[in-house]
Every structure is written in C-alpha cells, then in structure tokens.
Amino acid sequence: MKTKREVEEMPGVTVNHFAEETPSTGTSKNGYVFQEMELQDGEQEDYEKASPVTHKDHIYDNQIQISASDPDAPGFGLLNTTRKYVKPMNFQEEVRAHRDLDSFLAQASILLDEKAATLDEVLRRMLTHVVEDGHGCCDVDEVINSLFTDAGGREFDIHLLSETIQGVTATSTGIRYQQSWLCILSNVKSLQRRHVCIARLERPQNWGVNCCEARYVILILAPPRTKSTKTAIELGRTFATMFSDISFRQKLLEAKTQEEFKQELVCQRQQLSINSEKPVVEEMEDSDPRRGKSLQCKDFFKAGRGVYNDLCRRLPLYPSDFTDGITGKDRCLLKYTTTAIFLYIAILLPAIAFGSLNDESTRGEIDVQKTIVGQSIGGVIYSLFAGSPLVIPLTTAPLAIFISVIRGICDDYNLDFDAFYACIGLWNSLFLILGGLFNVSLLMKLFKRSTEEVIALFISIAFVGDAVKGTIKIFQHFYHGPMLATANSTLVLQEITEVLEKMKNQTENAEHPSVFLPESLVLCSRERPVLCLLLMLGTLWLGYALYLIKRSPYLNDKIREVVSDCALPISVVIFSFIGSYLFLDIQLPVFSVHDGPIFRFPPFDKLTGMNTLSAVGLGFLLALLIFIDQNIVISLTHVPEHKLLKGTAFHWDLMLTGFINILMSCLGLPWMHAAFPHSSLHARQLAKVEQHVENGHLYTTIVSVKETRLTSLVANILIGLSAFMLPIPLQWIPKPVLYGLFLYIAATSLDGNQMVDRMALLLKEQTSYPPTHYIRRVPQRKVHYFTGLQMIQLIVLCAFGMYPLPYMKMVFPLLMILLVPIRTSLLPRVIDAKYLDIMDAQHM
C-alpha cells in the first residue's frame, strides 16, 4: 500500500501483457491469474524485490515457459509475459490528464456497490452498463474475448487478462502491488472513440495473487488506431495515477451517489495538481528532532528555539484539532465516541491499579481517589495544550515504584513525606523545563527504532509482570486449606465444645467417631484465587477476541469496527458483572477508599536545607526517567506507519509535562508523563485502515488518522467525574479484572513491533517467513544475530527493572541511556552498519 514516503518516491505503474494459451491444470475459471502462472509471477516478483528499481522508464521483458511432464498431454501451453513500467501521469504539466477526466465526467459510466463476485460477471455488467447508457455501441461478447487470452474459449476455458495496469511501489520491501484496484485495457476495432467505466464492488474480491483485495475495476476501451496521447495506456495512466492514492480510494468508499463519486474525482485532480511535496518534507524535518541535520553541540545553546518552533508550527493547526471529524464531509462522530469510551476505560483502570499500589506503599498518603483526580487534571491540561494531542499522559508503574522508594527514604530518615515528595517533584519539573528550553529532546536523534522497541517491549512485559505478581499475591494469601472464619478464641472453643458433646452423645458406641465443624466456623477460600485467575484470563480472552473481530468475516464493516474499538470496555463490564454479581457469595479483592481531603499543600517548613539539596539527585533521576519515557512514547506514536500529518512538538511537550508535574507536586497528587502503549493505541483507534494480502500474509495499512484533542479531553473529563463514583460502583471492578486489563494492553501493544516479529521467526520454518524488508535484504543469520542481541538487552532491562531491591530501580533510567551507545558503537562491531540501518528502517 502507498504511504506518505511512497508518494514522495513517485510510485510506478506496471502494465502486464499476457498472450498465448495456458494450461488448465490448477486453473480457476473465475480467477484473474492462473495458479501455475501465479507461481511464476511470484518468482519474478522475488527477483525484482532482490533488485529494487528506481522510478525511471524501464522495461522488463520476461520470457516464461510453462512445462508439463508430457508436452503432448492436453492442457499444455506456452505463456509469454511482458511487464512494462510506465510513469504516473503528471497532473501539473500534462494537459491530457485533465482532458481525459473532463471527457469521462461528461459521460460518466459508474457502477456503485456492484454485487457480482467473479471478474467475468463484473466486466460483463460494466460493458452492459456502457451500452445501456448510450455511451458506446459494441458487441459485449467481442469485447470480453479481447480482454482475455483464451481466444474466446476456443479450446480451453481459461481466462487471463491480456493487458492491465496496477500500482506498484519500490520501497525498502522491494516491489509491492496495490491490490485493491485494477485497471483493464483493451483495443476494440469496432469502437470509434474511447470509453471508461469504473465499478466499485460491494465487497473486496480475491482475483489472484496480485489482486487479493480488489475493490475497484477501471475498464478502458479504445480504438486501435488513434493519436499517441489518446491510446488506452495513456488513458489508463490518468485513472491509474488517481487510484494509486490510498486516501483517495478510502474517500471513494464513502461516496453514496454517482455525483459524490465524481466530486471526489474532481477533488483528487485538484490535489494532484498542487505541488505540495517539498513543503511537507521540510516541515517533517523541522518538526521532528529524529530527522534533519545531524546532532551538533551548538543546537543545545539556542535557548527556547525548539519550543518557539514547536509553537509556531502547531498554533495555526490548533483550531483544526477540535474541528477535524466534527465539521465537513468526513465526519467521525461514531469513531470519536468509541475511542473516548475506550480511552476512559484504558486510562481509568490503570489509574485505579497504580493508585491502589501507591496507597499500599505510602500508607494512604496517595490513594486511588487522588490518582483519579490527578489523572483528570493533568490529562485535561495536556489534551488542551500539548503539541501531540494523541499522546496520553498517565502515572505509570515506574513512577509508582519511585514513590514507594521515596516513602522508604522518608521512613528511614524521619522526613515529612508530603514535603519531601513535593520537593523532589519541583526539582524534577525544573530539570524538565530546562530540558525543553535547551532542546535536550534533540538527543532523540541517537535513539534508533530498535532501541525504542526494546524499551517498548520491556514496558509491555512490565504490564504482564504487574498482573502476574498481583495474581501470585492473591494465591499466596488465599490458596490454602480450610481455615477458621473468626479469630475469637472464646467463640471457637465454645462451638467446638458443643460439637464434641453432641457427637459424644450420638456416637457412644462408635470406635472412631468423625467430627465435622459447622459451616459458620470454617472458611474454605480456594475458590477465591481460582475465580480471580479465571476473571483475569477471561478479561484478556474476551477483550482480545473482540479486538480481532475486525479481521473476521462476521457481521459488517461498521459493526466490526465498533465492536473492535469497544473491545476493552465490553470485556471489563462483562467480567466485572460476573465477578461482583454472579459470584456474589465469593468475596473478591478490591481497592481501598479513604476519607479525607484530596488536595494537601506540602509543609515545606519541615524540611531543612540539606533535605532540599538531597532531593536534587532524586529529582534528576526522576527527570531522566520521565524524559526518556516521554520522548520515546511520542516517537512511537508518530511513527511513519501512522501517517500523522501535523508534526510533533517534542520540546514544548517536555516543558508542558514539567508544568503539569509542578501542579501535581504542590497538590500532593501522583506525577505523570506520556504513557506507552496507550498513546499508540489511541492513534490506532482513530485510524482508517486498509488490509491487503501479500504472499499469504495479511497486512493492515493505516490510511489516515484523525489528529483530534476531543477524544482524550472527553475521556479525562469523564475520569474526573468518576471520582464521585467512589467507592460505589467503581469498587465493583475486582482487582483481577484490572490485571486482565494489563494483559490486554500488553497483548495489543505487540502489533507493529518488529522485534516481536523477528523473535517469532526463530520459531518458524523458513518457507513461512513474511516478505519484510529485512528478510529480503539482510542475510538470515544477521537477522537472528540482531534479534538475539536485542533479546539480551531486554533481559538485562528486565533483570534491573524488576529486581525486588527498590533502590536498584532508582538507577534504571541510566541503564536505558546505555542502550544508545550499545546500538551506535557496539553493535556495528558485530553486524555490518548497512544491515543495522536496514533493520532499523521505519517502513515494513
């Protein structure tokens, strides 16, 4: 599929000519490509991928001979295939492109939501439509015969299209076909002028290896003798260039009438006529510190330059952050609603979980209620003023661990927790603000994709670890034999005495009487941990199954999309109901709620000067942790695959995080920073996607993403209102459901992580390897070496990050910084730099 970078690279268009008869073995009458020919085409495509082409006029002449075990056997034939690259139509310079479109619009022949499934039926319906509309007179059967290579079914009923145009893109992957549209060409002797018919199919059809998701068919008919600028190929270039834009094809799907369809064609022509490539490239380089010029020391001394550029770039787009998807033709109210609901659950439940963890570690100084209120305040401020509105700020597990360490230090040295906590937070905020002013985010140039993915995978593993540790605690506390229901020894002795006397009177003659304690005295608790385990796994299973329903054939597109977007809320509600209502007699662990003031201004007068200075080191380590997480999360959210167009604001967002944490520190609320994977999941929730099949592998390509502030703003406002839902009904959400949420977030965050994909290769046979860019261009042994080295880095991170010694976690940010020199200096000594750059490429 075509991405933003591929637009800049000018994708080519390939013309396929098929001639001669073909064998019948393994053929499909309804197929666009003969099966054995598909194998040959696949081999040829592999050859082309091994030798990527540039976008120049180039001709490949391939002579392919299909042999059988017996050449004289029925069904044997020879197939000649010629592939020719043609340049896309230049709408800025070539007048013929506009005349071709104007001619089509004057006598448009358009079929919307065509129900025919086979290629033969679709083409026959298109030709019939052209004749019925009076746009042309031709013999339908004659034209059908000219479109295929079987000579009218003279001997074998095998259909291969004689001449087609398809979009292909030469990227780091090699050559990739655009499989959702197909332009079919034919020269018909009986025609006096050219004819074009466009059909939009009701649902995607599988017509062969290079046309697995056909949704549009463009039929070009032209007389054989005409001007060189009016041939079928020239006319096909015009429409093929327009349909090669993935966002344009997405807009055509939303057209309800032929007039709307034609209007989209006109808008696409205007878009192609505007030279907008160069400004976009410059903006991306200026807005993203990961790109552009190499890192120089003098860049850090241009105080405020990065923040100023961020604000100058983002402020003109600020109104559109509220109006996109609300006004105009492309409205996404349903998408916004489901995304806001998803964010509400995905943010609220971790806030409850980490608030409960803070409550236990600080002994009620920072509890669930404060965490929810702090999340709402910080989230609303961030969604209103951040330069990257899709990024979601949260209090995270590393911050919760940091807070527990601070509580331990206060206990050891008899310090006031509120004052010392606020002092560390203020130092941390000062370092963050200075980092934003002096452009420290430019250091992101040193972070490669592989380093970011190691840290992202560690965060996902940390979510799994939190869920597993919580479940283990439940089993350790409750999974044991029957126990006494009360600790009142007097009551226990009294009931046991009564039972023994009663049994003595009833069984005087029994040699070995059996004594049973009453149910009111015995508490058997093994069902509690088992139910907790089932609730956790059930939340994960149902949520992930509903999340994947968008890839299934069930229901229709809209319902699948809504159900997939609401997978997490549906799963949480259902299993909370099961645990809290259907198993009402089993007491499940829930979080605690305390009465008391939410906001508490810290008593700084209780700290001495030495206490204040000692907080500088802790504040710096905390700022380092937030700096790394904040910038990496923004980087992972703004990967090229998401096709975000409004740019980033690394410097301003870092400074804004510092301002928010000043407020959090002074009010006694937990700190926060950009969180993974919530931010990436937010972008995917707002994305329009297109799926395609390549070599048996299903790929999902993001067409566009709505960059709006409304979804996160509404979600955080709802979280603030949830503070009034404590303790009921929020306490009806059992802790195991929260752990299931952690597993769900970890599982869904693995999509698109190349490190995970390469780890999976270690368990696959080579014939099932997907056709990714690193498989095509890097030796297999080097790929596995690189994956193994990444796994070693991940294991070291997990060992330090999850070690039970709290003080070791204080130096964890320094360990993450060390990953940078490992990637830039150590790995090139083991693997060639050119292979490292290929495996670190942004595009799959």
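**A walk from F104 to the second largest pocket**

Start by selecting F104: at 3% relative accessibility it counts as buried (under 20% relative accessible area; a 1.4 Å probe, protein chains only). You're looking at a predicted model, where local features need pLDDT of at least 70, side-chain atom pairs count only at pLDDT 80 or more, and totals for chains, interfaces and linings use all residues. Numbering runs from 1 along each chain as its sequence is written, and side-chain values use heavy atoms, leaving out hydrogens and water.

Now add F239, also buried, at 0% relative accessible area. There are 14 aromatic pairs here (Phe, Tyr or Trp rings, the last by its six-membered ring, with centres within 6.5 Å). F104 and F239 make one that is edge-to-face, 5.3 Å centre to centre with 80° between the planes (over 60 degrees earns that label). The pair links helix α3 (residues 95-106) to helix α6 (residues 232-243), with the two residues 135 apart (helices are DSSP runs of H or I, at least four residues; strands are runs of E, at least two).

Next, pick Y216, F243 and F248, which ring pairs link into a cluster. Y216 is also the bridge partner, in β9, of W181.

Follow that to strand β7 (residues 181-187): 6 of its 7 residues are buried, so the strand is largely enclosed by the rest of the structure. It runs parallel to β9 (residues 214-222), joined by 7 bridges (strands pair at two DSSP bridges or more).

Last stop: select α16 (449-478), which gives the second largest pocket 7 lining residues, the largest share (lining means an atom within 4 Å of a pocket point; a pocket is an open set of points on a 1 Å grid over the protein atoms alone, where a 1.4 Å probe fits, with protein on both sides within 12 Å along at least five of seven lines).

Conventions: Buried means under 20% relative accessible area, exposed over 50%, partly exposed in between (1.4 Å probe, protein chains only). Rings of Phe, Tyr and Trp (its six-membered ring) pair if their centres lie within 6.5 Å; planes under 30 degrees apart count as stacked, over 60 as edge-to-face and the rest as tilted.
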